[in-house]
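Visitor: I would like a close look at a single part of this model, please. Could you walk me through the place where its domains meet?

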Amino acid sequence: MLILICDAFDASLPARLAPFGEVTEDMSRLAEAHVALIRSKTKATAEWIAQAPNLKLIIRGGVGLDNVDRAAAKARGIEVRNTPKASSVAVAELAMAMMLAIPNRLIEAHISMREGKWLKKELKRTELFGKTLGLVGIGLIGSEVAKRAAAFGMTVIAHDPYVNEHPVAAMKSLDEVLAQSDYLSLHTPLTDETRGMINASTIAKMKKGVIIINTGRGKVVIEEDLVAALNSGQVAAYGTDVWYSDPPDPSCPLLSAPNVLMAPHIGASSKENLLRIGDEVVAILENFKV
Ligand code: NAD
């Protein structure tokens, strides 16, 4: 069995996979590969799959499967697996880090000190304590954010059409979440329902000065509408780890918009998570026969 590691995994992975077959990172061997390991960078499109006539299994190290053409894989009888549980804590901690960095003005504080400025009076902070956090999507990651936000003394509410009750968050309609949240954190997959769900019309239903955090998927947001809201102050700040493409096109309007805190899709990239993803990949291969 030839296992092709296409994207960045923990450095220990090739040795851990050796008992299952030959392991290579040489992409020129795609045509020979029986198993392909991908993260976000490789797009397993129909064209890509067509270049891999021996492929039996695609493992996406991570949660979303939006970079895999599952219909094309199915048509060829290729099994597609992901590692859904590994990344929850890593992504939740990044969402919390953004939610803390923005009201604590950490980026401006750091940059201004580097520039020799002392903005003690100017950098007014606000607290998470007592604020309402609205989660859109309360699956594995949203639930980890909910626990952490509750520990900070936030009131946690959530909208998720597929979850009726939650031990930490009060479940609400989308309109209620939009209207009541001081912070809105997005944790849905990218689907036909969620694509563009944060747009001019939904933003108009939010509290003025809401802070939006997106560690879900870039295309859940209509960038132009969000930038207009950042310029008008309807949205006070946007923290995002996710983009229309990785990396974003230089013309992406968020790159030059005010009050945007940006990260290059590092939500799943903690050292601990890459090790956990490796554990899940090993478990999948233990149960897989070519
Ligand atoms: P999950 O499947 O456990 O949870 C997703 C939740 O979204 C589910 O409860 C689902 O019911 C809900 N949902 C679906 N449609 C919805 C809608 N229209 N409105 C509101 N909720 C809806 O997945 P998860 O592990 O929590 O991951 C969530 C998403 O986070 C992934 O799909 C992926 O897009 C993203 N993610 C990003 C990173 C990163 O690096 N930033 C890493 C991992 C995952």
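**Where the domains meet**

Guide: Happy to! Nine residues of domain 1 are in contact with seven residues of domain 2. Please keep in mind that this is a predicted model. To get your bearings along the chain, the domain assignment gives domain 1 as 2–86 + 271–286, while domain 2 covers 88–262. Their C-alpha centres are 31 Å apart.

Now for the interface itself. About 540 Å² is buried between domain 1 and domain 2, and carbon and sulfur atoms give 46% of that area. On the domain 1 side, the residues that lose the most area to domain 2 are Asp66, Lys85 and Arg276, which together make up 49% of what that side buries.

Asp66 deserves a second look. This aspartate forms a salt bridge with arginine 217, and the closest N and O atoms of the pair are 3.0 Å apart. Across the interface of domain 1 and domain 2, the rule finds one salt bridge. As for polar contacts, three residue pairs are counted between the two domains, with both residues at pLDDT 80 or more. Sorted by class, the side of domain 1 that touches domain 2 is made up of four charged, three polar and two nonpolar residues.

So if you have the structure open, a good place to start is the pair of arginine 217 and aspartate 66; from there, turn to Lys85 and Arg276, which are among the residues losing the most area on the domain 1 side.

Methods
Residues numbered from 1 in each chain as written. Predicted model: local features only at pLDDT ≥ 70, side-chain atom pairs only at ≥ 80, totals over all residues. Heavy atoms only, no water. Domains from an automatic or database assignment. Contact = heavy atoms within 4.5 Å. Buried area = accessible area lost by both parts, 1.4 Å probe. Salt bridge = Lys/Arg side-chain N within 4 Å of Asp/Glu carboxyl O. Polar contact = N/O pair within 3.5 Å; in protein donor to acceptor, adjacent residues only side chain to side chain. Nonpolar A, V, L, I, M, F, W, Y, C, P; charged D, E, K, R; others polar.
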